[in-house]
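Work through the following exercises with the sequence and the coordinates side by side. Each task is followed by a solution that proceeds step by step.

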Amino acid sequence: MLSIPPLSQLTKAGAADAQIQSNDALRQAPLIGVLALQGDFAEHEEALERVGGRAKQVRHLRDFDAIEALIIPGGETTTINKFDQAHDGKVFSIIGELGRSGMAIYGTCMGSIILASHIQSSNQKCTGLMDITVRRNAYGPQRASFETALDIKELGEQPYPAIFIRAPQIVDAGSGVQILARINDTIAMARQGNLLVTTFHPEITEDSRVHQYFLAMVRSQAMRKAAG
Ligand code: GLN
């Protein structure tokens, strides 16, 4: 949080400086939309704020307008599909356009299914943004939820405590996809340019490194945009 004294306590010049500083600080913290239909959106917001991002809940189509990046949390694909149908397919098409325009988008668990280009044995809708194939509910009901330490070199030497909840598996990825973490013989975290996916839920751990990594992606996309 910014702590700036009330303007009445400042000289005119000081007030102007404080305003400039405040604008700079706000400019440095990109506004990241978090799709807030279901799931752990509040935890994602908290995690983003912990690492210095600003979060905005996306609940209506108009909320996509002001954001500089997007997180699609976990949940049930059937729910987001209903939301999309209620808006004549605009939810998937807006996410698709934003992703193709270079916006940084991070999909957790269900979010990774939304960003995929193929869902195995399913005709459910996806945006096709990322060259990955996913298998829904791949661990089955008997192992619906578990935690395991993943080796994620990009996040440092310390293993990452990854929590999987009725998770999908990324079973295939094109050559343009950078594989950041594996679990058994499948992919648990991957990146393709401005797009990031994890099949696990970093928002419900204390470890903020995945959100930190995403924020760095958001910042570098913003710099790329500014540079033209
Ligand atoms: N099982 C969900 C689906 O396939 C995804 C699970 C999650 O996001 N936690 O829609």
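## Exercise 1: A helix and its cover

The buried residues of α4 are covered by elements that include β3 (69-72), α3 (77-86), β4 (104-108), α5 (110-115) and β12. Keeping in mind that the model is predicted, determine which residues of helix α4 (residues 90-100) are buried, and within what arc they fall when seen down the helix axis.

Solution. Begin with the list of buried positions in α4, which holds Val91, Phe92, Ile95, Leu98 and Gly99. Next, look down the axis of α4: the buried residues fall within an arc of 130°, so they line one face of the helix. Finally, follow the chain beyond α4 to Gly102, where phi is positive, near 105°.

## Exercise 2: The nonpolar core

Identify the residues with the most contacts inside the largest nonpolar core, and state which residues Ile105 touches, leaving out those up to four places away in sequence.

Solution. The largest nonpolar core has 54 residues, and Leu70 and Ile105 are those with the most contacts inside it. Helix α6 (residues 209-226) gives the largest share of this core, five residues. As background, nonpolar side chains in soluble globular proteins tend to be buried together. Turning to Ile105, its contacts outside the excluded sequence neighbours are Ala69, Leu70, Ile72, Leu98, Gly99, Leu115, Asn194 and Leu195. Two of these names, Leu98 and Gly99, were met above among the buried residues of α4.

For the setting of this core, note that the protein comes to six helices and 12 strands, and that buried residues make up 36% of its 228 residues. Of the contacts in the protein with a separation of 6 or more, 62% are accounted for by residues 24 or more positions apart.

## Exercise 3: Two successive hairpins

Trace the chain through strand β10 (residues 178-183), strand β11 (residues 186-192) and strand β12 (residues 195-198), and describe how they pair.

Solution. First, β10 and β11 pair in the antiparallel sense over five bridges, and Gln178 has Arg191 of β11 as its bridge partner. The two strands form a hairpin with two residues between them, and in the turn Asn184 has a positive phi of about 50°.

Second, β11 also runs antiparallel to β12, to which four bridges join it; here Gln192 has Leu195 of β12 as its bridge partner. This pair again forms a hairpin with two residues between the strands, with Gly193 in the turn at a positive phi of about 60°.

Third, consider the cover of β11, the strand that takes part in both hairpins: five of its seven residues are buried, leaving the strand mostly covered.

## Exercise 4: A strand with two faces

Assign the residues of strand β8 (residues 160-165) to a covered and an uncovered face, and find the bridge partner of Thr148 in this strand.

Solution. The general expectation is that side chains in a regular strand alternate between the two faces of the sheet. In β8, the covered face carries Tyr160, Ala162 and Phe164, while the uncovered face carries Pro161, Ile163 and Ile165. The strand pairs with β7 in the antiparallel sense over six bridges, and within that pairing Ala162 is the bridge partner of Thr148.

## Exercise 5: Loop residues compared

For Cys109, Arg166 and Asn137, decide whether each is buried, partly exposed or exposed.

Solution. Cys109 is found in the loop between β4 and α5; Cys109 is buried because 26 other C-beta atoms lie within 10 Å. Its phi is near 50°, a positive value in a residue other than glycine. Cys109 is also among the closest of the 13 residues that surround the ligand, a list that further includes Gly74 and Arg136. By class, that shell has six nonpolar, four polar and three charged residues.

Arg166, in the loop between β8 and β9 (169-173), is partly exposed, with 17 other C-beta atoms within 10 Å. Here too phi is positive in a residue other than glycine, near 40°.

Asn137 lies in the loop between β6 (132-135) and β7 (145-150), and it is exposed, with 12 other C-beta atoms within 10 Å. Apart from neighbours within four places in sequence, Asn137 is in contact with Arg166 and Pro168. The C-alpha atoms of Asn137 and Arg166 are separated by 5.3 Å, although the two residues are 29 residues apart along the chain.

Definitions and conventions. Residues numbered from 1 in each chain as written. Predicted model: local features only at pLDDT ≥ 70, side-chain atom pairs only at ≥ 80, totals over all residues. Near = placed C-beta within 6 Å. Nonpolar A, V, L, I, M, F, W, Y, C, P; charged D, E, K, R; others polar. Buried ≥ 20, exposed ≤ 12 C-beta atoms within 10 Å, placed from the backbone. Contact = placed C-beta atoms within 7 Å. Pairing = 2+ DSSP bridges. Arc of directions from axis to C-beta. Core = buried A, V, L, I, M, F, W, Y, C linked by C-beta atoms within 7 Å.
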